[in-house]
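Student: Let's go through the side chains in this model. Start with the terms, please.

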Amino acid sequence: MMSLSITTPSSITFTSKLNFSKSSFHGIRTAQLSPIHARTSHSTTTTHSSLSLVVKMAKREEELKEIRTKTTEELQEEIVDLKGELFMLRLQRSARNEFKSSEFLRMRKRISRMLTVKREREMEEGINKRISRKLDRKWKKSIVPRPPPSLLKLREEEAAEEAKESS
């Protein structure tokens, strides 16, 4: 329970049950509850959040295992594809088409995990940061632009529909 005391001639004391205060740690908002509220809400919140956290961690570990089984070339190809998909999502957003906004975060995280695994492999080979950046620049210049997989599927579907209509 948070209480605020102000020293005045009448000595007024204010007490609040729910106080939102801004933490000095990177601007994170924290809520401090009174002991009565903390007992009732803490048990249900902890159980729910810990279960979802366990599920999220399991999915992340499973995805990392899948990523680590791929070769470096496969990782680079998939990174290019995912960046193309991310570009397509941005186009859909700018055109105000329907899209899932959660896909942005999911794709960015998947790309970052792949880049992390790629960097881990470079570190195992003894490639330092400076050389790694040079290799990345060289790799980015060697990328041949190609349409993302979702656009290819869309084109194939349109071609199939046109073939059905013409026949």
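Tutor: Buried means under 20% relative accessible area, exposed over 50%, and partly exposed in between (1.4 Å probe, protein chains only). This is a predicted model: local features need pLDDT of at least 70, side-chain atom pairs pLDDT 80 or more, while totals for chains, interfaces and linings use all residues. Numbering runs from 1 along each chain as its sequence is written, and side-chain values use heavy atoms, without hydrogens and water.

Student: Is Glu85 buried or exposed?

Tutor: Glu85 has a relative accessibility of 15%. The cut-off for burial is under 20%. Therefore Glu85 counts as buried.

Student: Which backbone nitrogen does the side chain of Glu85 reach?

Tutor: Contact means heavy atoms within 4.5 Å. Leaving aside neighbours within four places in sequence, Glu85 touches Met107, Pro148, Pro149 and Ser150. At 2.7 Å, the backbone nitrogen reached by its side chain is that of Ser150.

Student: How is the aromatic pair of Phe99 and Phe104 classed?

Tutor: Ring centres must lie within 6.5 Å (Phe, Tyr and the six-membered ring of Trp); planes under 30 degrees apart are stacked, over 60 edge-to-face, the rest tilted. Phe99 and Phe104 have centres 5.7 Å apart and planes at 90°. The class is edge-to-face.

Student: Which of these two rings belongs to a buried residue?

Tutor: Phe99 has 28% relative accessible area, so Phe99 is partly exposed. At 8%, the buried residue is Phe104.

Student: How far is Glu85 from Phe104 in space?

Tutor: The two are 19 residues apart in sequence. C-alpha to C-alpha, the distance is 9.4 Å.

Conventions:
Polar contact = N/O pair within 3.5 Å; in protein donor to acceptor, adjacent residues only side chain to side chain.
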